[in-house]
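Biologist: Could you walk me through a helix packing and some aromatic rings here?
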Amino acid sequence: MAILWFKALHLIFMVAWFAGIFYLPRLFVYHAQTESNDVDAQLKVMERRLLYFVTPFAILTLVFGLLLIHAYGMAWLQASGWMQVKLVLVAGLYAYHAYCFKLLADFKHNRNRRSHKFYRVFNEVPVLALFAIILLAVLKPF
């Protein structure tokens, strides 16, 4: 029964985390485009609040994911090639999340040098990672 709770909570926190991680780069797009000081100030507040709001969800996603791995056992992890690939993608998402803090600081200190086009592409990274992760978890291809 614990495994089912771990799975449910892992998925709940993952969905909450992704809601934010999908929206934050969209705010970066708008921020990179604005020339208004008022809009700039408002976006700085929104970006900071959003990133700090979803970070606990990212942490809880990790906690319950690790609890699932522990519950299933290391032998299961070693025999599941799809899970190893999934974990590499997940590690990439955590690096992406961490990089968002750097981008947030760049905007905060008016150091952003990237265009809105960069952020439009940057916005697609978690979408593609999510597609791959879901397909791996459901199909378990190897």
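Modeller: What follows covers one helix pair and then the ring pairs.
This is a predicted model, in which local features need pLDDT of at least 70, side-chain atom pairs count only at pLDDT 80 or more, and totals for chains, interfaces and linings use all residues. Residues are numbered from 1 along each chain as its sequence is written, and side-chain values use heavy atoms, leaving out hydrogens and water.

Biologist: At what angle do α4 and α6 pack?
Modeller: Helix α4 (residues 81–108) and helix α6 (residues 125–139) pack at about 160 degrees, with their axes 10 Å apart, and they are therefore roughly antiparallel (angles over 145 degrees).

Biologist: Which residues of α4 meet α6?
Modeller: Among them are Trp82, Val85, Leu89 and Tyr96 in α4, which meet residues of α6 including Pro126, Ile133 and Leu136, where contact means heavy atoms within 4.5 Å. The residues of this contact divide into 13 nonpolar, no polar and one charged.

Biologist: Switching to rings, how many aromatic pairs are there?
Modeller: The structure holds 17 aromatic pairs, a pair being rings of Phe, Tyr and Trp (its six-membered ring) with centres within 6.5 Å. Tyr72 and Trp76 are stacked (planes under 30 degrees apart), at 4.7 Å centre to centre and 25 degrees between the planes.

Biologist: And how is Trp76 placed against Trp82?
Modeller: Their ring centres are 6.1 Å apart and their planes at 75 degrees, so the pair is edge-to-face (over 60 degrees).

Biologist: Is Trp82 buried or exposed?
Modeller: Trp82 is buried, with a relative accessible area of 7% (buried means under 20%, with a 1.4 Å probe and protein chains only), whereas Trp76, at 24%, counts as partly exposed (between 20% and 50%).

Conventions
Axes are lines fitted to C-alpha atoms, for helices over the stretch in contact, and angles run from 0 to 180 degrees between N-to-C directions. Helices (H or I, at least four residues) and strands (E, at least two) are DSSP runs, numbered from the N terminus. Angles under 35 degrees count as roughly parallel, over 145 as roughly antiparallel, 65 to 115 as roughly perpendicular and the rest as oblique. Ala, Val, Leu, Ile, Met, Phe, Trp, Tyr, Cys and Pro count as nonpolar, Asp, Glu, Lys and Arg as charged, and the others, Gly among them, as polar.
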